[in-house]
Amino acid sequence: MSDRDAEFEDWIGRARRAPVREYLQRKGLWTQRMMGDRGTACPACGGDDRFAINTRKNLWNCRKSGMGGGALAFEAHLRGLDALRGQDFLDAAEAVTGEAAPTRSQEPWDERQARLKREAERLAQRQTEITRAEASAAQAQRQFRERERTRAWKLWRDEGREWRYSDGERYLGLRRCEAGDDAALRFHPVMPFWHDGEILFRGPAMLAAITGPDADEQGRLRFSGLHVTWLDLDNPPKYRRVIAHPATGEILPAKKVRGSQKGGSILLVRARDEHGAPCAPCMIVAGEGIETTLAAWNALRATTPAALEGVEFRAFVNLGNFAGKARETLRHPTESRTDTLGRVRAAKYPGPEPMWPDDIAPVPIPPSCTDLVWLMDADGDQVRSDADVARGAARYSLHYPWLTVRVARPEEGCDFAQMRQSQGEAA
Ligand SMILES: [Zn+2]
């Protein structure tokens, strides 16, 4: 091989291995949304969610055009070509490497400059269009979320009724997790249950206000959504309504959230000082569900009421609000699953290390609070829940460096709510 050939091979190699992300950044086409699960507009052919990048594999993919690959393939897509041949290939490799092909220097300097300028202008134009499209999509999403939030707020404020002496209070009594006067709970006697855009039925429901992560100037958390539990007081042991889909018979969850739950929580017990006056919390005890969290409060109130001074209780609505996203998924040591082709694979689970930085806001923890206690639901798989808890503890310590995060483990195989209930039944 001549020096010239070797130089050419090297150049081609650089083009083929070029990192897609850096290449897009260099062209001014990069957006953070390209990394997300949802996808975003394709810089070459538009749309709003067809394009995504896997930086680990150094590959991009455009679902609409069916194209994908490395930086060279992207350059082809950008030029509207299905494949790169001859001069097109050399042009593309020059664009990707930012170096002229070693084999050709025939193109007159001024022609080449004019060509590169046109190319740059076209790309700048494209970038402007993408930015505009993303901004308007984000705006539409914000408006949609705000409408949902307003609807949820109206259900809470206008249709929700006083909690005391309602079937909602009776429900928590049956579950042996009574709520105090502070709890952000209300009751709806005929709450509609929506599914796929239609109302399947209306029935009694417990409403809970989800607040945060946004707060006003005084630090009061903003209403963000409504947590709904449909009740059936004749259906022990959970006393929730069994909802079967009328067409498929599938059992649907008796809990729903309207509005947003990301970074939100439900206030169940306000912190109080030694005189019983509301105060800034020094500790927050949190669980995923309302019942679990209230059961812990009831248990502590019965045994060690003095220990509750300055302690606030909150339900974090879902595990994700505590545990967040994982940096990586791991192979489960014992579980397996069968994929669509019938192959048995090791199951994956979110590992103990948090994704950092992450894009889910944590539940706001005030500076007065130095301790966060997470009430663990131990009714799931031990490997997964250990990883979730470790991840949540690490995540909150990263967000709030002054915070000590601890985990309260219930007896193996049942959650706090069930534990409290069985204590009551045994007595
Ligand atoms: Zn495309």
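**Notebook: turns, strands and a zinc site**

I began with Val317, which I found in the loop between strand E13 (311-315) and helix H8 (320-323); helices (H or I, at least four residues) and strands (E, at least two) are DSSP runs numbered from the N terminus. The model is predicted, and local features need pLDDT of at least 70, side-chain atom pairs count only at pLDDT 80 or more, and totals for chains, interfaces and linings use all residues. Residues are numbered from 1 along each chain as its sequence is written, and side-chain values use heavy atoms, with hydrogens and water left out.

**Backbone entries**

Val317 is not a glycine, yet I read a positive phi of about 75° for it. Is Val317 buried or exposed? At 11% relative accessibility Val317 counts as buried, where buried means under 20% relative accessible area, exposed over 50% and partly exposed in between, with a 1.4 Å probe and protein chains only.

I then turned to Tyr239, a residue other than glycine with a positive phi near 60°, which lies in the loop between E7 and E8 and is buried, with a relative accessible area of 13%. The loop between strand E7 (221-230) and strand E8 (243-244) also holds Pro237, and the peptide bond from Pro236 to Pro237 is cis, with omega near 5°. Another cis peptide bond joins Gly212 and Pro213, where omega is about 5°, and I placed Pro213 in strand E6 (residues 198-215).

**Strand entries**

I next asked what surrounds E7, and noted that eight of its ten residues are buried, so E7 is largely enclosed by the rest of the structure. E7 pairs with E6 in the antiparallel sense over eight bridges; two strands pair if DSSP finds at least two bridges between them. Ala205, to take one residue, has Trp230 in E7 as its bridge partner. E6 and E7 form a hairpin with five residues between them, and in the turn Gly219 has a positive phi of about 85°. E7 also pairs with strand E10 (residues 255-259), again in the antiparallel sense, over five bridges, and here the bridge partner of Leu226 is Arg258 in E10.

**Zinc entries**

Which residues are the protein donors of the zinc ion? I listed Cys42 (SG), Cys45 (SG), Cys62 (SG) and His77 (NE2), lying 2.1 to 2.3 Å from the ion; donors are N, O and S atoms within 2.8 Å of the metal (3.2 Å for Na, K and Ca), and a site may look incomplete as water is not among the atoms. The four donor atoms subtend angles of 101 to 115° around the zinc ion, which makes the arrangement tetrahedral, a term for four donors with all angles between 85 and 135 degrees. In sequence, the donor residues are spaced C-x2-C-x16-C-x14-H. Cys45, in the loop between strand E1 (40-42) and strand E2 (46-54), and His77, in helix H3 (residues 71-78), are 32 residues apart and link distant parts of the chain.

The two also differ in cover: Cys45 is partly exposed at a relative accessible area of 30%, whereas His77 is buried at 8%. H3 itself is mostly covered, with seven of its eight residues buried, among them Leu72, Phe74 and His77. After H3 comes Gly80, with a positive phi near 75°.

**Aromatic entries**

My search of the whole structure gave 14 aromatic pairs; rings of Phe, Tyr and Trp (its six-membered ring) pair if their centres lie within 6.5 Å, and planes under 30 degrees apart count as stacked, over 60 as edge-to-face and the rest as tilted. The rings of Phe8 and Trp11 have centres 5.7 Å apart and planes at 40°, so this pair is tilted. Phe8 and Trp11 are three residues apart in helix H1 (residues 3-17), which means that about one helical turn separates them, and Trp11 is buried at a relative accessible area of 1%. Phe193 and Phe201 form a stacked pair, 5.4 Å centre to centre with 15° between the planes, and both residues are buried. I also noted that ring pairs link Phe316, Phe322, Trp374, Tyr396, Tyr400 and Trp402 into a cluster.

Technical notes: Tetrahedral: all angles 85-135°; square planar, octahedral: opposite > 155°, others 65-115°.
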